Amino acid sequence: IAGPLFRMEKSIKEVGEGSLNFKIDLRSTDEVIEMADRLNEMIGSIRERMVNIKNCVDDLSGQIDSLNGLLKDNKALPARAQGVLEELLKNKERLKKETNYFRTD
């Protein structure tokens, strides 16, 4: 049982380090195969959701960049609107950085 538990512990550490592109492989006779199967389902679900989140971030990022392109030369833009746009740009970069931590491919 020690070998399969060690492999699962190593896999859980990989998830903590951002890797979502692997599967825990155990022998069908290992005592903890069902636990490994549930972990694989969880990792797959997290991977799928992270891919969807990354796609949303990319869409938002494109929209923010388009908005920035339209408005950045507009000197008449109220200061508050400029501030909101700057915050959007900062948050876009934070989101990209955080989601890029997870490797899904």
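How many Å² does the accessible surface of the protein chain come to, and what share of it belongs to carbon and sulfur atoms? The accessible surface comes to about 7600 Å², and 55% of that belongs to carbon and sulfur atoms; accessible areas come from the Shrake-Rupley method with a 1.4 Å probe, and for residues only the protein chains shown count as cover.

A word before the views: this is a predicted model, in which local features need pLDDT of at least 70 and side-chain atom pairs count only at pLDDT 80 or more, while totals for chains, interfaces and linings use all residues. Residues are numbered from 1 along each chain as its sequence is written, and side-chain values use heavy atoms, with hydrogens and water left out.

**Figure 1. The whole chain, with 3 helices and 0 strands.** Starting at the N terminus, the elements follow the order α-α-α. Helices (H or I, at least four residues) and strands (E, at least two) are DSSP runs, numbered from the N terminus. The C-alpha trace spans about 70 × 15 × 15 Å along its principal axes. Its radius of gyration is 21 Å, whereas a compact globule of 105 residues would have one near 13 Å; the radius is taken over C-alpha atoms, and the globule rule is 2.2 Å times the number of residues to the power 0.38. Of the 105 residues, 26% count as buried. Here buried means under 20% relative accessible area, exposed means over 50%, and partly exposed is in between (1.4 Å probe, protein chains only). Take the contacts with a separation of 6 or more: residues 24 or more positions apart account for 64% of them. A contact means heavy atoms within 4.5 Å.

**Figure 2. Charges along the chain, 18 positive and 19 negative.** The mean positions of the two sets are 5 Å apart. Lys and Arg count as positive and Asp and Glu as negative, with His and the chain ends not counted. Each charge is placed at NZ of Lys, CZ of Arg, CG of Asp or CD of Glu. The count of salt bridges comes to 7, a salt bridge being a side-chain nitrogen of Lys or Arg within 4 Å of a carboxyl oxygen of Asp or Glu. The next two views show some of these pairs.

**Figure 3. A close-up of R38 and E41 in helix α2.** Have a look at residues 33–71, the extent of helix α2. R38 and E41 sit 3 residues apart there, about one turn of the helix. Their salt bridge has its closest N and O atoms 3.1 Å apart. R38 is partly exposed, at 44% relative accessibility, and E41 is partly exposed too, at 49%.

**Figure 4. Salt bridges of K92 with E93 and of R27 with D30.** Which partner of the R27 and D30 pair is buried, and which is exposed? R27 is exposed, with a relative accessible area of 53%, while D30 is buried at 6% relative accessibility. Their side chains meet at 3.1 Å, N to O. For K92 and E93, the closest N and O atoms are 3.2 Å apart. K92 counts as buried at 10% relative accessibility, and E93 as partly exposed at 45%. Salt bridges that share partners also join R7, R27 and D30 into one network.

**Figure 5. L89 and L95, two residues of helix α3.** This helix covers residues 79–100. L89 is partly exposed, with 23% relative accessibility. Residues up to four places away in sequence aside, L89 touches I64, D65 and N68. From L89 to V57 the C-alpha distance is 12 Å, across 32 residues of sequence. L95 is also partly exposed, with a relative accessible area of 40%. L95 and K54 are 41 residues apart in sequence, with 8.8 Å between their C-alpha atoms.

**Figure 6. T99 and T104, two buried threonines.** T99 belongs to helix α3 and is buried at 8% relative accessibility. Setting aside neighbours within four places in sequence, T99 is in contact with M50, I53, K54 and V57. T104 lies in the segment after α3 and is buried with a relative accessible area of 15%. Which residues does T104 contact, leaving aside its neighbours within four places in sequence? They are L20, N21, R47, M50, V51 and K54.
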